[in-house]
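Dear colleague,

Please find below the structure that I am handing over to you. My notes on what was found in it follow directly after.

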Amino acid sequence: MTSSRAPQVVLADDDVLLREGIASLLDHSGFEVVGQAGNGTELLALVRSAQPELAIIDIRMPPGQATEGLQAARVIREELPGTAIIVLSAHVEVNEAMDLLASGERLGYLLKSRVTDLAEFIDTVKRINGGASVVDPSLVQELVRARRRRDPLDALSPREREVLALMAEGASNAGISQRIFVTEGTVEKHVRSILTKLDLPESDTAHRRVLAVLKFLEER
Amino acid sequence: MNAPETGASGNHATDARAARNPSDHARLRQLADQQAALRRVATLVAGGARPAEVFTAIADELGHLIGAEATFVSRVDVSGPSQGGPGPPGSPAADPSGERREAERHMTVVGSYGRVSNEVPIGFRVGLQPGMASTAAIQTRGSVRINGEKLANGPFGAIVGRLGMCAAIATPIVVEGRYWGATVAATSRADFPAGIEARMTDFMELAATAIANAQADQELRELADTQAALRRLAMLVARGEPPEAVFAAATREALRHFGNGTARMIRYEPDGTATLLANEGTTGPHVRVGKTWEGYPPAGLTATVLRTGQAVRVDDYRDVPGGEPYLREGLRSAVGMPIHVNGRLWGMIAIGSGGGPLPPDTEQRMTQFTGLVATAVANAQNRAELMTSRARIVAAADETRRRIERDLHDGTQQQLVSLILELRMVQAAVPAGLGELGGELSRLAERLAGVSDQVREISHGIYPAILSSAGLQPALHALGRRSAVPVDINVRIDGRLPEPVEVGAYYVVSEMLTNAAKHARASVVAVDADASGGMLRLRVRDDGIGGADPVRGSGLTGLKDRIEALGGNISLHSPRGGGTAVSCELPVPADGRAAGRGP
């Protein structure tokens, strides 16, 4: 990291081993883990007192082992909307993703196993902390691959489909150009073509673009 | 039917006398008249006339033959256990112990002719008392003549007086070797001519065959009727009609076959109360179907059947303290039959009549019927228990799947992720000089990641977490997205449904999508789900090759079991070349439970 101060992070997961592992990874990657919580209540107390830049939250926590992490995320969004939030889940569902994204920017919704791709995970955390919204690629793949009878995606070229998926994952045009090895100008052309073919409006922020593309993919 | 020769050969002495007698012609005419009378009776029997008609015809013909103005035919019977009713003083009408009294002999008028018909109608029943001509005839096994003072002062003195009868002759009736009953003939003349007894005996000997035939015919018909009723009941049970419908039908049949005004079914509850399950016929403010049966007298049917577990009768509610409500609704007598289910006294079926005591063989005739009612009740009960136990088994299986999914999810998978993370961090810390070690660790981490993905897939297959977290609608959409065949989903469900219903519906759609992709070669599947009015209706149809066999497809059989366990139904329509469609209806219980009702 080149910034003067390491971004502060609060972690919430009831599995201590995994939590310590992620904390250690973050501490070694330019973040400062300022607190760890084992449930939603502890997490809220920590966030209120430490006011970190970022909260990384396991979706399933005591007492109900259901969606306590989602509820905590909602409370944080209301009380401290400036906090970036990453929700980790053992499985990803589109309705949860849409719910979360609707609550505002700087948001991540990822499969828990993503933490094991160290470099990519850290890169994603940094992007979210820096303003991006990110949706797990496996969820986007599920949405893109879903078979439809009269599929509007049939109008897209294979390259355009690839770009659309990356848009849904929350990649910026620069990010997309790096991923598919083309110039940013080419990416921009693809994006404009996709929006026209799918009759989607131009979005003024990256977050809105993710929301619009996801919504389209889900409802097509 | 007996031929005229039989009559002739049975009366050699009479014929011989007639041949020598100056009034030979009169004798021959009497014989001819007798044969004609018997032929008329036999014709009635052959035509399937009811016993009452046959017996009345016999009384009628006898009256004409011997010039009696009043005749009646009565059957003697041994009454069953009796409760209340008319009888000699000190008899159990008011016997508070409710014990069985000694069996008594009664006679019941089964056919009557002439002026006597109003006084002793068909169904008139009386104990065989000393001094009665019929009693003497049966005891002595021969004809008995009573006249003058003896008749006027006898047990029927009042009736005899009103009718103006002066002499009566009773003749025993022997049917198939048994003293079956007696016939009585009376006249207002000073007396019958001498020798009339012999003619009565002759006629009744021959008429006995007609009685036997009419009786056998009647028994057969009753048996067939009862069998038909039993078959109707058995079908109701087999069709899985709700217990209430079975109770009502059984009570209706009881009234039709045995009752003469009212039939009722009462269930004894474990807490000592009784419930009126069904009522047919007369009614009153105390008759509230489905409610507790209250205020019944301690010597009445309900209390006595409960106490003794045996058939009980009331011959006259005027003799039963507390019997007024039944009198008010128009009942006079009743019989209660216990219903034993699985060795336990379950309830009672009772029939009532506004007339005199119910026929003495009522209990015996009802035994088979109540036996079948008991079977029907046991079947309905067993079916209800089977339903709840099936629902419990399905719920338990679902719960187990959920627990396994949780254990995999929160335990195994979490630990795998934790391990891979650690491995990756170790790998990252390996100094560059250690050659292949970093690569080895990386390959290990990748293999573990593969295992982790597999565990995730398996746990999703065991129980889709989205179903419990988000409900049926999102879960169906997720199924549709993962389907290899395009799916059009149209779901109209507000909010959440009870979990067993959601899970059942989910598996129906899941199985159909699998079938569409694997076997049906379908290009599209339509899923419609609609929850309203306490019912979830589900329809899944594809445009594939059809011909799905629910017997061979174990998946479809499993679905049927699951849906039926929830009280729902599912039907498959899969004509060859015409696609496959499944329609399914699942009741959505208001209290959130989906289980079979108790009986």
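In this predicted model, B:Phe258 and B:Phe369 are both buried. Their rings form an edge-to-face aromatic pair, with 5.3 Å from centre to centre and 65 degrees between the planes. The pair joins distant parts of the chain, as the two residues are 111 positions apart. B:Phe258 belongs to the loop between helix 10 and strand 7 (261-268) of chain B, whereas B:Phe369 belongs to helix 13 of chain B.

A second edge-to-face pair is formed by B:Tyr506 and B:Tyr507. Here the centres are 5.8 Å apart, and the angle between the planes is 80 degrees. B:Tyr506 has a relative accessible area of 6% and is therefore buried, the limit being under 20%. B:Tyr507, with a relative accessible area of 15%, is buried as well, because its value also falls under 20%.

Ring pairs also connect B:Trp293, B:Tyr317 and B:Tyr326, which together make up a cluster. Over all chains, the search of the whole structure returned 6 aromatic pairs.

I turn next to the largest pocket. Its volume is about 1,700 Å³. The lining consists of 44 residues, and those closest to the centre of the pocket are B:Arg75, B:Glu222, B:Pro359, B:Asp361 and B:Arg365. Several elements of chain B give two or more residues to this lining: helix 4 (51-66), helix 9 (196-238), helix 10 (243-257) and helix 13 (362-429), together with strand 1 (70-78), strand 2 (105-114) and strand 6 (178-187). Helix 9 of chain B supplies the largest share, with 8 residues. Sorted by class, the lining comprises 17 nonpolar, 14 charged and 13 polar residues. Helix 13 of chain B thus appears in both parts of this account: it holds B:Phe369 of the aromatic pair described above, and it is among the elements that line the largest pocket.

Finally, some overall values for chain A. This chain has 220 residues, of which 56% count as buried. Its secondary structure amounts to 10 helices and 6 strands. Among the contacts in chain A with a separation of 6 or more, 65% are between residues 24 or more positions apart. The exposed area of chain A is about 9,300 Å², and carbon and sulfur atoms provide 50% of that area.

With kind regards

Note on methods:
Residues are numbered from 1 along each chain as its sequence is written. Chains are lettered from A and ligands numbered from 1 in the order in which they are written. This is a predicted model: local features need pLDDT of at least 70, side-chain atom pairs count only at pLDDT 80 or more; totals for chains, interfaces and linings use all residues. Side-chain values use heavy atoms; hydrogens and water are left out. On a 1 Å grid over the protein atoms alone, a cavity is a set of points where a 1.4 Å probe fits but cannot get out, and a pocket is an open set with protein on both sides within 12 Å along at least five of seven lines; lining residues have an atom within 4 Å of a point. Grid points are joined across faces, edges and corners, and a volume is the space filled by probe spheres set on the points. Helices (H or I, at least four residues) and strands (E, at least two) are DSSP runs, numbered from the N terminus. Ala, Val, Leu, Ile, Met, Phe, Trp, Tyr, Cys and Pro count as nonpolar, Asp, Glu, Lys and Arg as charged, and the others, Gly among them, as polar. Rings of Phe, Tyr and Trp (its six-membered ring) pair if their centres lie within 6.5 Å; planes under 30 degrees apart count as stacked, over 60 as edge-to-face and the rest as tilted. Buried means under 20% relative accessible area, exposed over 50%, partly exposed in between (1.4 Å probe, protein chains only). Contact means heavy atoms within 4.5 Å. Accessible areas come from the Shrake-Rupley method with a 1.4 Å probe; for residues, only the protein chains shown count as cover.
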